[in-house]
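Colleague: Could we go through this model together? I would like to hear what stands behind each label.

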Amino acid sequence: MIRLLWLWIPVFCAPSAWGEEDDLPSDQLTVRDRVYTIYPSEKLRQRGMEVPEIPLEENAAWKYIEAVNAAVDQPSDLRAAFLSAANGTWPEGETGERLAAWLTEMRPALDLFREASDMSDYHMPLCRGQSDSLMEAILPTVSDMRQLCRGLAAEATFLASQGKATDALDNYMTVQRVANHVARGQTMIEGLVGMAMRNLADEGMMRVSETGLVDSDILKEAVDEMDRLAEAMPTFEDLVRAEQRFSMSVVDDFMDLPGTFALASSGMIGVEVSAPSGWTRLRGALMRLYLPDRAMKRNFNRHYDSVVEATRPRDDGAVGAIIEEQKLIQQIPAWDVVSKMALPSLSKVHELTLRGESNFVRAQLKMAAEAFNQDHGKHPDRLSSLVPHYISKIPADPMTGYEFEYQSAGTGEPPKGIAIITRESAKELRKKRRTPAILNPRASKWRSYTQDFVKRYQLTDRQRSAAESVLRDIEARAADFERTHGAKIKELMDAGNSDAADRRMEPIDKLFGELKKRLNALPTAKQRAAHKTKTKNNAQEKDAR
């Protein structure tokens, strides 16, 4: 089942226009002729959100807002041509001329966008809806900023078509900087939008570098700047923690304003919800008796912590993967319907993150290889030839955990193995992913056994927590064993020597025996007797049939 992220609400929540005064209060801002109320920073900090202290004149966000407000509306009949240009194909004839004219009108907004991207500090204000509930929070600039990035990409395509490849590369570098700013926002949605912007720039930089019209020194400077940007780009764990902080606050909102949650979760956004009153506070207190918010928060935290632990890259280079995510959700007690309904599935976000990280590195490698080609008249035979003069290091491919499958082609042909990842090629790369040779096949079996054991003996929440701790300990020890012996076992499996592989895996089988023994110590005598009676009754019913 696909679960919605909490943060779909800020992007699609319809804002209200409060007025168009020239002199707005300091807690309001205007975006595209609509006035928004800024969520107070102090209240966000009280909710556990991270809000940096940045003087207004040093905050790039306000320059971005200025750029958004300076943008010129796009003629509706140019939309298809605009998107095509943003993706690298400039339209011909009158359509191309009209699009170029519109981009000229957009130049003041794009110039402001460039100025903002050069600023180091950034924090985009989060705006409030009709109440202080974060379920009604609004991000009014996100879609407009993404559109301006497309504008820069479309202009880059036009510049490249005019032989101005260096100027085109500069546009894409601006998009990289904007992506870096946006992705560092307070929410997972901003992180995902930042990744989409970055992917747009990655593809464009690779196309421009292939023209051979950008000087090798400029290409190397771009590679170096991307190294610096990568240091500040949020990781998957950063995105999950941002979602976790937001979710903790939403639980409080649900307790205080359950009506808001019901409307938001059903898609009925825009319905007026009354502000907290004495009655709503009483209702919230009563709800905490029925749905303990502390227990709910523990369930949320346990889920996010488990996802982070499962997806953390391993020391041996293996790519982390979310393991049994739906089963993690199923472990939440039946009474906690809010957590079961609201906890997001993060598998797709993890895949998008790996793909984005891989494309970012591929763009760097592509530019470095093209710079090498300009200096030496051919592409390098191997990627290691690029270090250190063209790139500082060659990391493993984030999509697979292995080295990039680079192959130098013939004269005048682009090298293979570092192309941008498409939806189809992503499927093939996932098949090659470096994953544990031992743990994954057994993790499902062990977890299934533990869950069946919990159900069989009707374990209490405390006993269930103890069972989960036992399982995690066994899985961690299996992972340690795999890091030491996994490569050899996989080699034996691949060679068809299953008997030798089985002998080497005997310690893992013993761990499963230990798991069963430690779980057997958890049920009480009363629980064992109840299970025995139930088993006997089931057998008698079966015989009677």
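Colleague: Where is H123 found, and why is H123 called buried?

Modeller: H123 is found in the loop between α6 (107–117) and α7 (142–161); helices here are DSSP runs of H or I with at least four residues, strands are runs of E with at least two, and both are numbered from the N terminus. Buried means under 20% relative accessible area, exposed means over 50%, and partly exposed lies in between, using a 1.4 Å probe and protein chains only. H123 has a relative accessible area of 13%, so H123 is buried. Please keep in mind that this is a predicted model, where local features need pLDDT of at least 70, side-chain atom pairs count only at pLDDT 80 or more, and totals for chains, interfaces and linings use all residues. Residues are numbered from 1 along each chain as its sequence is written, and side-chain values use heavy atoms, with hydrogens and water left out.

Colleague: Which residues is H123 in contact with, leaving aside its neighbours within four places in sequence?

Modeller: With those neighbours set aside, H123 is in contact (heavy atoms within 4.5 Å) with V51, P52, I54, N59, A61 and Q186.

Colleague: What makes E53 and R45 a salt bridge?

Modeller: A salt bridge is a side-chain nitrogen of Lys or Arg within 4 Å of a carboxyl oxygen of Asp or Glu. For E53 and R45 the N to O value is 3.1 Å, so the pair qualifies. E53 has a relative accessible area of 68% and is therefore exposed, while R45, at 26%, counts as partly exposed.

Colleague: Why is R177 called buried, and D118 exposed?

Modeller: The side chains of R177 and D118 meet in a salt bridge at 3.6 Å, N to O. This pair links distant parts of the chain: R177 lies in helix α8 (residues 165–183), D118 in the loop between α6 and α7, and they are 59 residues apart. R177 has a relative accessible area of 13%, so R177 is buried; D118 is at 57%, so D118 counts as exposed.

Colleague: How do you know that β1 and β2 pair?

Modeller: Two strands pair if DSSP finds at least two bridges between them. Strand β1 (residues 28–31) and strand β2 (residues 34–37) are joined by 4 bridges, so they pair, and they run antiparallel. They form a hairpin with 2 residues between them, and R32 in the turn has a positive phi of about 55 degrees.

Colleague: Which side chains of β1 are buried?

Modeller: L29 and V31 point to one face and are buried, whereas Q28 and T30 point to the other and are not.
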